[in-house]
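Please find below my comments on the structure, set out as numbered points for discussion.

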Amino acid sequence: MDAPIVSVSGIRGIVGKSLDAAMLTQFASAFGTMVNTSTCQQDNEMGNGPVPSKTVVVGRDSRVSGEMARHSILAGLISTGCRVIDIGMCPTPTILMIANELKANGSVAITASHNPAEWNGLEFALESGRLLNQGEREQFMEIYRSGDFHLAKWDHQGAVETYQGAVNRHIEKILSCEWIDLELVHERALRIAIDCGNGAGSIASPQLLRRLGCQVVEVNCVPDGNFPRSAEPTPDALDRLCKTVRAEGADVGFAHDGDADRLVVVSEDGSPLSSEYTFALAADFILNKRSGDVVSTVSTSLMIDDIANQHHAQVHRTPVGVGFVVEKMRETNAVIGGEGTGGVVFPEIQYTTDGLASIAAIVHHLSESNTRISSLVKSVPSYTMCQKKLDSPSQSVSEATVQRAAEIYAEKGQLATEDNVSLDLTDGVKRVWEDSWVNIRKSGTEPVIRIFSEAKTTDRAEALCNETVETLKRLMTHEG
Ligand code: MG
């Protein structure tokens with residue numbers, strides 16, 4: 001058996017190749033051990049009385065291997081004495097929201113997000129739906145590798161309770177948000193095509209849209225885990241949705257990734273928008289209603305800066321990963337945060353990327369502005385992005401190369417050989433000009449260096465990417 005991939009997003013592997021039932025049970029026992037030994041607030045309040053069992057919420061996406069994974073996870077958790085609340089098949093943001101509502105000590109989402117159908121994985125959260133931070137991720141992997149689990153005695157095994165209606169609870173939570181105006185959206189009664197890719201949003205999102213008074217056209221909304229398109233809703237994968245939008249005369253098309261924490265948008269003419277627009281449009285909507293800061297990652301489009309400027313809001317940039325975005329949002333009390341992948345965080349609903357909340361925001365934005373989605377898109381200054389990846393002999397060569405690039409760009413900056421460029425080392429190396437940037441990052445999961453750039457024109461974006469790849473190749477030869 002190969003090793004699964006361990007990253008900021010949790011554990012992911014191909015079932016039968018790098019992930020199996022025994023491994024999943026061990027991960028769950030490691031997590032149960034961590035939850036039982038963590039010294040969170042609830043423990044301190046208990047004084048010297050009997051130690052109550054810790055509560056862990058478990059849910060899964062629609063993958064074919066989901067049931068196998070679910071049983072493995074339940075076994076691992078109850079063997080460490082946890083009280084498990086099983087909420088069944090639902091979007092990942094629903095799991096975190098229920099963990100928060102129930103004040104659970106932890107949660108496990110059984111999902112491989114946007115990876116292909118043969119994959120599965122685990123995303124862990126502590127304390128009412130807070131994703132693990134770096135220190136906690138390391139601690140968790142240490143417990144897993146040591147195999148030193150706090151297994152409960154034969155008469156102290158945990159138990160599993162079933163929780164019905166998690167999706168309804170999530171929808172109610174969204175609808176009770178202050179910026180929701182049901183009368184307004186019902187009046188507009190938008191016609192919306194939604195493509196859930198047969199993933200975890202297949203039941204929840206059409207249901208939410210109907211509650212918002214929309215006429216719903218369902219595409220790939222059978223949650224059987226047979227993905228008819230890529231679980232990552234890239235423009236190429238959305239052919240059927242785009243055609244449906246045109247054929248049905250829909251006002252807008254929506255598509256989720258496999259676990260429905262992300263959303264992408266298709267314009268009324270059937271053209272798919274870059275996933276960067278989800279956050280941009282949602283931020284424009286929220287900043288119309290709330291004043292406060294915005295949080296995004298270093299590789300998210302400059303559109304967010306333009307929108308924030310229009311609303312006199314400040315943008316904070318974090319390393320890539322929703323955990324970093326959420327941490328910064330809490331710190332700055334930001335009113336919205338998100339990533340260019342189509343994941344948006346609405347703190348009034350919950351502190352995680354929520355594809356359902358994104359639907360609600362964009363439906364409102366469109367209803368309120370009483371215009372077409374293409375007009376909303378045109379009102380946002382546009383950019384072009386370019387992405388390349390450079391293969392590297394090993395992770396350590398990638399690291400050394402990125403490190404050397406940082407030093408070289410810093411020296412250049414000091415010599416002022418290039419004007420108006422600043423260096424940002426938040427995540428990898430990012431060079432920033434007034435209306436363009438290029439970011440170099442070492443992949444956490446494979447021996448490659450990723451290069452991302454953005455500029456006003458395709459030529460400039462590609463030139464920045466190509467020139468950076470050439471520099472890295474030269475550095476790699478010298479370093480290698
Ligand atoms: Mg996802």
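1. Once its neighbours within four places in sequence are set aside, Glu 218 is in contact with Ile 194, Pro 206 and Arg 210. With Arg 210 the link is also a polar one, since the two side chains are joined by a polar contact of 2.6 Å. These details should be read with the reminder that this is a predicted model.

2. As to its setting, Glu 218 lies in strand S10, which covers residues 215-219. Its relative accessibility is 38%, and Glu 218 therefore counts as partly exposed, given that the class takes in values between 20% and 50%. The C-alpha atom of Glu 218 is separated by 15 Å from that of Leu 263, a residue 45 places away along the chain.

3. Turning to the metal site, the magnesium ion is coordinated by Ser 113 through OG and by Asp 257, Asp 259 and Asp 261 through OD, at 2.1 to 2.2 Å. Along the chain, the donors of the magnesium ion follow the spacing S-x143-D-x1-D-x1-D. Of these aspartates, Asp 257 and Asp 259 are both buried.

4. On confidence, the protein averages a pLDDT of 93, and 95% of the residues score at least 70. Residues 41-47 call for separate treatment: pLDDT stays under 50 over this segment, for which the model has 5 contacts beyond four places in sequence. Where pLDDT is low, the predicted coordinates should not be read in detail, and I would ask that the contacts of residues 41-47 be described with that caution, as pLDDT there stays under 50.

Note on methods: Residues are numbered from 1 along each chain as its sequence is written. This is a predicted model: local features need pLDDT of at least 70, side-chain atom pairs count only at pLDDT 80 or more; totals for chains, interfaces and linings use all residues. Side-chain values use heavy atoms; hydrogens and water are left out. Donors are N, O and S atoms within 2.8 Å of the metal (3.2 Å for Na, K and Ca); water is not among the atoms, so sites may look incomplete. Buried means under 20% relative accessible area, exposed over 50%, partly exposed in between (1.4 Å probe, protein chains only). Helices (H or I, at least four residues) and strands (E, at least two) are DSSP runs, numbered from the N terminus. Contact means heavy atoms within 4.5 Å. A polar contact is a pair of N or O atoms within 3.5 Å; within protein, one must be able to donate a hydrogen and the other to accept it, and residues adjacent in sequence count only if both atoms are side-chain atoms. pLDDT is the predictor's confidence in each residue, from 0 to 100.
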